There are 2 protein chains.
Amino acid sequence: MSLPPDSVGIVTPQTRTFGALDLQCGVRLPGFELVYETYGELNANRSNAVLICHALSGSHHAAGYHAETDRRPGWWDVCIGPGKPIDTDRFFVVSLNNLGGCHGSTGPRSNDPATGEPHGPNFPNVTVKDWVRSQAMLADALGIDAFAAVIGGSLGGMQAMQWAIDLPDRIRHALLIACAPKLSAQNIAFNEIARQAILTDPDYRGGEYVKAATNPDRGLMLARMLGHVTYLSDDSMGDRFGRELRSGDIASGHDVEFQVESYLHYQGRSFSRSFDANTYLLMTRALDYFDPAHEYGDDLVAALAVSRCAYLVVSFSTDWRFSPERSEEIVDALVAARRDVVSVSIEASHGHDSFLLPVPRYLAVLSEYLDRVARECGR
Amino acid sequence: MSLPPDSVGIVTPQTRTFGALDLQCGVRLPGFELVYETYGELNANRSNAVLICHALSGSHHAAGYHAETDRRPGWWDVCIGPGKPIDTDRFFVVSLNNLGGCHGSTGPRSNDPATGEPHGPNFPNVTVKDWVRSQAMLADALGIDAFAAVIGGSLGGMQAMQWAIDLPDRIRHALLIACAPKLSAQNIAFNEIARQAILTDPDYRGGEYVKAATNPDRGLMLARMLGHVTYLSDDSMGDRFGRELRSGDIASGHDVEFQVESYLHYQGRSFSRSFDANTYLLMTRALDYFDPAHEYGDDLVAALAVSRCAYLVVSFSTDWRFSPERSEEIVDALVAARRDVVSVSIEASHGHDSFLLPVPRYLAVLSEYLDRVARECGR
């Protein structure tokens with residue numbers, strides 16, 4: 001197989017080790033590792049770096065391939081590559097696995113140096129603010145004073161927003177895609193059902209499943225199935241699956257299965273084999289806790305007024321998990337805070353998942369906006 | 001405690017035994033029992049009977065109290081009673097627990113006469129069409145040739161629709177509330193996640209949990225939590241719970257719980273103690289399979305054209321499980337089939353659950369419509 005010409009090609013993850021980090025929960029992490037990938041070249045004045053922040057189940061592998069035999073590229077390959085919206089001919093792109101993740105960065109599956117055993121359920125709670133600080137440590141290590149842009153969808157957009165507030169001197173543009181200023185009660189409720197599916201799975205073993213040589217497959221499968229249904233729109237599921245039966249006949253009354261069911265089973269099973277349950281709990285808690293306005297007297301305008309970057313805010317018409325109205329809350333607060341903001345609502349049929357898909361107007365908007373960013377970097 | 005003056009008061013469930021029923025799945029049930037309640041008096045010409053059809057987790061106990069010490073009345077007490085929309089001074093109201101239920105009618109917990117043990121997972125699949133036929137057998141036993149109205153919300157409305165199509169001579173009005181002509185792929189997906197939560201609970205024991213003296217509490221809890229979130233609207237959850245913390249502090253990182261979580265845990269736990277898992281599976285399958293147009297060449301107009309009753313179709317603005325658009329599909333088909341239909345969309349903030357709540361305009365619409373029905377009965 002030859003790789004597509006607009007691919008970043010074969011990429012190799014790298015790892016950096018860092019010293020102590022005082023987490024928001026009060027725990028001091030004596031040290032940690034982050035695994036990351038970079039695409040493109042850092043320019044001479046180090047002004048063209050872009051940080052990609054991943055969402056709940058993402059990883060550092062955002063673009064390209066790890067081997068020529070890989071069946072699929074990184075999770076955001078539609079947006080990252082030569083000539084693509086996040087153009088690796090112009091930008092130096094940094095994509096990491098967040099602290100607490102399960103794709104190589106220090107997290108629940110890593111050994112606790114104090115005990116020589118996996119942290120498991122004892123890994124401390126990590127917040128979006130903690131991620132921003134750990135990402136800034138990675139930027140320091142890479143010699144990046146300020147990012148031309150911090151970009152993310154969903155939970156990734158929340159990290160970009162927190163960057164703008166917490167480190168205003170180190171970010172010139174924040175791209176907030178399919179994002180919200182905080183979760184709604186309904187969002188929290190869906191996360192809690194997913195967590196309960198994992199926590200009540202007997203194979204979860206109080207989180208010590210690695211030691212017990214088990215894995216809460218059932219809980220992870222249910223969590224993923226639920227996530228999947230809420231990331232898609234009702235219409236897109238209808239277009240894709242309708243009420244088509246995969247097997248059986250209603251009249252026979254046995255072994256009937258709708259196509260949407262087999263699809264969800266497949267998605268759930270493959271996720272349960274590849275994702276760590278304690279990381280899933282940690283990531284959903286970080287989502288629930290995200291509330292940048294809280295330390296500004298619950299005033300989002302006051303929170304965003306401390307930022308100095310420019311913003312692109314993108315939402316999708318059929319996203320009911322983080323609806324366009326939630327993006328409008330951010331835009332309204334940015335306008336009230338007199339920030340520079342471009343806001344775009346994209347007609348797209350695939351719900352929250354649209355941010356990962358090649359929707360033409362979405363890619364065009366990203367390209368246009370990032371062209372401006374690149375020209376500011378002299379690229 | 002004295003009972004409210006607009007209550008039907010203390011009611012006593014009754015049980016009837018029936019002979020064989022050939023189910024749609026091909027299984028012959030040699031006999032079965034139905035438990036039911038009645039409120040009000042059947043008039044001399046037996047023209048004022050109304051049938052109440054329950055939804056997924058309902059029962060025969062729709063109104064009144066079983067004892068003076070009951071803390072809560074039947075599930076639709078806001079609508080049924082003297083002077084209420086379904087006025088027991090004018091109507092003879094029949095409310096049963098559906099075949100396959102777990103509140104006294106023959107179902108998975110009943111003993112199979114062939115083995116002397118509970119049917120459990122071997123209880124045959126029951127469809128909405130089967131329910132209509134079993135309900136007609138109850139009507140025969142009560143001496144009711146035709147119902148003045150068959151009334152239901154959600155899955156109950158689907159039974160009323162099937163009555164209109166399958167037994168057009170035995171129903172004069174069908175009241176379809178928060179209903180849909182069939183489930184969407186998203187609806188089926190949510191049901192499937194709930195089923196998987198139960199089926200993958202190790203205490204489900206392949207459905208033989210009664211024999212094993214276990215109960216799939218965890219699965220039922222998750223199923224109920226998920227149902228609950230999808231029955232409420234995002235806004236109503238926000239109004240009720242917001243992001244209020246019940247305990248803990250985000251900064252401490254431990255034992256944090258949002259109010260919406262404790263509420264869902266409570267709902268889930270109490271449901272898991274009161275509902276049978278095999279019945280839950282059976283009821284959600286009946287929902288998934290419901291598709292009255294299917295035997296009319298997938299033409300809903302043709303299906304409804306065989307009906308002769310008049311219709312009231314009611315939907316609620318924030319119901320996203322069975323949205324107003326789904327009710328409009330029914331209304332459009334009824335108009336095309338030249339049926340007599342009154343259609344009302346009610347502004348109500350509580351999502352799908354609104355059909356159980358005392359929303360003033362909703363109760364007024366029901367009262368007005370049922371006043372017409374009662375006058376036709378000479379009441």
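Colleague: In this predicted model, what percentage of the interface residues of chain A are also interface residues in chain B?

Modeller: The copies meet through the same surface, because the interface residues of chain A recur as interface residues in chain B. The share that does so is 100%.

Colleague: What relation does the superposition of chain A on chain B give?

Modeller: Two copies of a chain are related by a rotation about an axis and a shift along it. Here a turn of 180° with a shift of 0.0 Å along the axis lays chain A on chain B, at an RMSD of 0.0 Å. That is therefore the relation of a two-fold axis.

Colleague: Which helix gives the most to the side of chain A that touches chain B?

Modeller: The contact takes 39 residues from chain A and 39 residues from chain B. On the chain A side, H3 (185-199), H4 (217-231), H5 (234-241), H6 (259-274) and H7 (277-289) each supply at least two residues. The side of chain A that touches chain B divides into 21 nonpolar, 11 polar and 7 charged residues. The helix that gives the most, with 9 residues, is H3(A).

Colleague: How are H4(B) and H6(B) oriented to each other?

Modeller: The axes of H4 (residues 217-231) and H6 (residues 259-274) of chain B come within 8 Å and cross at roughly 130°. H4(B) passes H6(B) in a right-handed crossing. Residues that make the contact include B:Leu220 and B:Met221 of H4(B) and B:Leu264 and B:Phe271 of H6(B). Angles over 145 degrees would count as roughly antiparallel and 65 to 115 as roughly perpendicular, so the two helices are oblique.

How values were computed. Residues are numbered from 1 along each chain as its sequence is written. Chains are lettered from A and ligands numbered from 1 in the order in which they are written. This is a predicted model: local features need pLDDT of at least 70, side-chain atom pairs count only at pLDDT 80 or more; totals for chains, interfaces and linings use all residues. Two residues are in contact if their C-beta atoms, placed from the backbone, lie within 7 Å. Helices (H or I, at least four residues) and strands (E, at least two) are DSSP runs, numbered from the N terminus. Ala, Val, Leu, Ile, Met, Phe, Trp, Tyr, Cys and Pro count as nonpolar, Asp, Glu, Lys and Arg as charged, and the others, Gly among them, as polar. Axes are lines fitted to C-alpha atoms, for helices over the stretch in contact, and angles run from 0 to 180 degrees between N-to-C directions. Angles under 35 degrees count as roughly parallel, over 145 as roughly antiparallel, 65 to 115 as roughly perpendicular and the rest as oblique. A crossing is left-handed if the near helix is turned anticlockwise from the far one by less than a right angle, and right-handed if clockwise. Copies are superposed by least squares on the C-alpha atoms of residues with pLDDT of at least 70 in both.
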